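Please look at the sequence and the 3D structure shown below before reading on. The report then takes up one strand, the sheet around it, a helix, the chain as a whole and the contact between the two copies.

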There are 2 protein chains.
Amino acid sequence: MFQKITKKSEDSNKWYEEVVEKAKLAEHSPVKGCMTIRPYGYALWENIQAILDREIKKMGVKNAYFPLFIPKSFIEKEKEHIEGFAPECVIATEGGGKKLEEPLVLRPTSETVIYATFPKWIRSYRDLPLKINQWANIIRWEKRPRLFLRTIEFLWQEGHTVHATEKEAEKMAREALSLYHDFARNYLAIETIQGQKSESEKFAGALRSYAIEGLMSDGKALQMGTSHNLGQEFAKVFGIKYLDKNNKEQLAWQTSWGVSTRLVGAIILAHGDDKGLILPPKIAPYQAVIVPIWRSSDEKKMLEEKIERLVGGLGKEIRIKVEWQDNLTPGFKFNKWELKGAPLRIEIGPKDLEKNQVVFIRRDDEKKESIKWDQISNKLKTTLDDIQKNLLKKNQDFLQNNTHTVDSYDQFKKILEEKSGFIKAGWCESEACEEKIKSETKATIRVIPFKQPKKLGKCICCGKPAKHEVIFAKAY
Amino acid sequence: MFQKITKKSEDSNKWYEEVVEKAKLAEHSPVKGCMTIRPYGYALWENIQAILDREIKKMGVKNAYFPLFIPKSFIEKEKEHIEGFAPECVIATEGGGKKLEEPLVLRPTSETVIYATFPKWIRSYRDLPLKINQWANIIRWEKRPRLFLRTIEFLWQEGHTVHATEKEAEKMAREALSLYHDFARNYLAIETIQGQKSESEKFAGALRSYAIEGLMSDGKALQMGTSHNLGQEFAKVFGIKYLDKNNKEQLAWQTSWGVSTRLVGAIILAHGDDKGLILPPKIAPYQAVIVPIWRSSDEKKMLEEKIERLVGGLGKEIRIKVEWQDNLTPGFKFNKWELKGAPLRIEIGPKDLEKNQVVFIRRDDEKKESIKWDQISNKLKTTLDDIQKNLLKKNQDFLQNNTHTVDSYDQFKKILEEKSGFIKAGWCESEACEEKIKSETKATIRVIPFKQPKKLGKCICCGKPAKHEVIFAKAY
């Protein structure tokens, strides 16, 4: 029998941990706080990477690679930056059997090590914009690791750009955020809210931070990507200057932006159900899994021939797996791929062969349908498209149904106690109110959405006129 | 004027350093001993990665990701392994503002951290072979860094497999080496010698190590890839066992194998000349660079129209760049792309437009040819193919002409003093002779080639009957 997992509705945290381990996405590594990303989880990440890399390059960005090590003196150059990151730093102090002359911080983010290099690459306005991206491992000390969501080491992409004007930098920061938003919607089937971070939540050293926030099915928010207009702070500190058309020296403007393996966590949390994962077809390692059913070796042989021809005919367009193992029952295979979230299961038994058909079983809505052999190829594509759309629709509906607009603090607190979700409310922009709400309810300002209502109400906390309508939520 | 570079024939080391920096492949990072891989160099690595990743997956290997950190106690488990790697370890001792409970070694290679995990993934023979690969950054302390060839941090792929039998493990180790050999020949246009490493040169902890060795154009050898039959040593230490068909517990057999960003160094050293890089078309970031030449803005406009249509028509098959900058002279652009090693330069001036032609200039043999407009697409493909073949042919000829079979130690020493290269000679298999030769001539046994002559002569050092014919060389 296949091992059961905890119901998501009963204990979402336990469910998450079990799904990640039993679907073989990842596991806690023997190294405390780190994770091992297993092939099935890594294949998801590779699919995410391939799409994002292509889209990032379309923005005129080029990949490069900078050192893991950051001399402690670099990271201390920008005051806010080091204050923000100091508690998370892991530091190497020995090398080649000796104490290092200067301790080396393992990159918790690469602004400082990259920006120490940029001045050498930029002379005049002709060298701008400079748009660089790197795929790298990142190290941040975590006391309470959760696989994919928060681990000491994780994988990400970090874009770093330099511009001649503030306007261009702002445009770039928004463009990157928009890319993340569209990627989440079109590939991960997750609808997110785009907006600005409050001062207290912004990136250490940035002028303005932007984020996309997704609502997970347990009602908690997940920050899925960030983009920062860094202004000129780092440029000042690292001397990133350029000669303008009049041959006058100018200080440059910068942005940085990134998404990480946390996106895998988002997929799990946004779509999964009591039976396990549900993967959007566009990024699923296997979009369809064929479970052949036989009673004799003759039947198996017949199935082998037919299925081999079928899979060969589908080509590389569709990622497909056939479960041939002799030692597992069909029932075990069904459960396994439900748990592992394959978008579509295709059953083929001896009776189906007689009738010249197969049976499609969708993971998202569990609908069964018999498909004639010569219709498989067409039907596969349309069904996968339909699953992708349906998952997004479900997620959008969930977001809408769990976004509560409130105008009293009592209502605010009641929602957080009873059902969670996103809460839309007015905010006066004072840190005091933000802090009070956080300490009383554990909810934080996730974003100040770009889309603002025409009329603003009052601050949910102090009652003064609101400066923004913001999204509050408990967050991962 | 374009900056000149040191002649390769005059000072190969200086030439290398200058080419790497001026062609913008990489540079020494502000972090001592590390390198920054710039977009042009990284694009080379991305092309290498894409091909290798595809070929590795064809062997049934799956990608995964394991932690950067290795607890010191893990790496100390296998005695030979830690002896080999201890001098190269960089160690993190602080995290989150506190001293770490156990110092963490930054992976100098990942055998120990991966093999501590494998026992959880393997129960029976049905789980074998287990074939895993990871793309990762690697940390080895280096006192004398050289860009791409030897830096404290570098990028690589490391394959790790587990098998039921010694035979299968041996087959796998050979298959991986063979993949590297074919990749070097077919894509990098470098002919390498495949063979076994001597005991003193093998991987710390391996049963047998294999390598491919290339001969660089300065007569020095470069180890370009290694593959190890690890036997059962690590399996013993980490408890990697499986139940066989009779339900009996057995110790597993393992392999590991890898290539790194060092391959970029190999390309530079193998093909470059006094003018700079020469990149094989199959992995060049830009296979062809178009240099348009105009005297008036009207001429520029005409060129823009025509070239845009041309490049659009070539599609994604061919990686092409057009040099439009107003502030650089055509001569500067020619020199720039000679230095950067673009396989083919295409010049189009007003006179060419009149004649409905362009001029192809090959980087490898400097041949010029006028090509009619409607022939460009076909001719591009055949010319790039021809350049790829020619580079390999040149490299093969060079290898042949610089591989010297000797039967006296005097001759041996004379060659090393005068012209270097590979020296084929008999070896009695004693470490004493190997050591003596190394200390007297700086030449080491690069490989014991798989291809052995029918009759073996005498040991070049002691004169006793040779057990193998081996390749000696000075190496990077």
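## A strand and its sheet

In this predicted model, 7 of the 10 residues of strand 7 (residues 130–139) of chain B are buried, so this strand is largely enclosed by the rest of the structure. Strand 7 of chain B belongs to an open sheet of 11 strands in chain B, whose order is 3-7-8-14-11-10-9-22-23-21-20 and whose pairing is mixed. At the edges of this sheet stand strand 3 and strand 20 (403–405) of chain B, each with a single partner strand, so one side of each is left without a neighbour in the sheet.

What holds such strands side by side? Strands of a sheet pair through backbone hydrogen bonds, and they may do so in a parallel or an antiparallel sense. The table lists pairs of strands from the sheet of chain B.

| Strands of chain B | Sense | Bridges |
|---|---|---|
| Strand 3 and strand 7 | parallel | 2 bridges |
| Strand 7 and strand 8 | antiparallel | 10 bridges |
| Strand 10 (residues 208–215) and strand 11 (residues 221–231) | antiparallel | 8 bridges |

The residue B:Asn133 shows how strand 7 of chain B is placed between its neighbours, for B:Asn133 is the bridge partner of B:Asn63, and B:Asn133 also stands opposite B:Gly159 in strand 8 of chain B. Further along the sheet, B:Gly214 has B:Leu222, in strand 11 of chain B, as its bridge partner.

## A helix and what covers it

Which residues of helix 11 (residues 330–339) of chain B are buried? They are B:Lys333, B:Trp337, B:Glu338 and B:Leu339, and what covers them includes helix 1 (12–22), strand 15 (288–292) and strand 17 (344–348) of chain B. After helix 11 of chain B comes B:Gly341, a residue whose phi is positive, near 75°.

## The chain as a whole

Chain A has 15 helices and 23 strands. Its radius of gyration is 25 Å, close to the 23 Å that the globule rule gives for 476 residues, so chain A is as compact as a globular protein of that length. Taken along the principal axes, the C-alpha atoms of chain A fill a box of roughly 80 × 60 × 50 Å. Of the 476 residues of chain A, 47% count as buried, and among contacts in chain A between residues at least 6 apart in sequence, 68% join residues at least 24 apart.

## Two copies in contact

How is chain B related to chain A? A turn of 180° with a shift of 0.0 Å along the axis lays chain B on chain A with an RMSD of 0.0 Å, and that is the relation of a two-fold axis. In chain B, the C-alpha nearest this axis belongs to B:Ala92 and lies 1.9 Å from it. Both copies use the same surface, since 100% of the contact residues of chain B recur in chain A.

The contact takes 40 residues from chain B and 40 residues from chain A. Among the elements of chain B that each supply at least two residues to the side touching chain A are helix 2 (39–58) and strand 8 (153–163), but strand 5 of chain B gives the most, with 6 residues. The residues on this side of chain B divide into 22 nonpolar, 10 polar and 8 charged. Strand 5 (residues 90–95) of chain A and strand 5 of chain B also pair with each other, in the antiparallel sense and over 5 bridges, and within this pairing A:Ile91 has B:Glu94 as its bridge partner.

Terms used
Residues are numbered from 1 along each chain as its sequence is written. Chains are lettered from A and ligands numbered from 1 in the order in which they are written. This is a predicted model: local features need pLDDT of at least 70, side-chain atom pairs count only at pLDDT 80 or more; totals for chains, interfaces and linings use all residues. Copies are superposed by least squares on the C-alpha atoms of residues with pLDDT of at least 70 in both. Two residues are in contact if their C-beta atoms, placed from the backbone, lie within 7 Å. Helices (H or I, at least four residues) and strands (E, at least two) are DSSP runs, numbered from the N terminus. Ala, Val, Leu, Ile, Met, Phe, Trp, Tyr, Cys and Pro count as nonpolar, Asp, Glu, Lys and Arg as charged, and the others, Gly among them, as polar. Two strands pair if DSSP finds at least two bridges between them. A residue is buried if 20 or more other C-beta atoms lie within 10 Å of its own, exposed if 12 or fewer, and partly exposed in between; C-beta atoms are placed from the backbone. The radius of gyration is taken over C-alpha atoms; the globule rule is 2.2 Å times the number of residues to the power 0.38.
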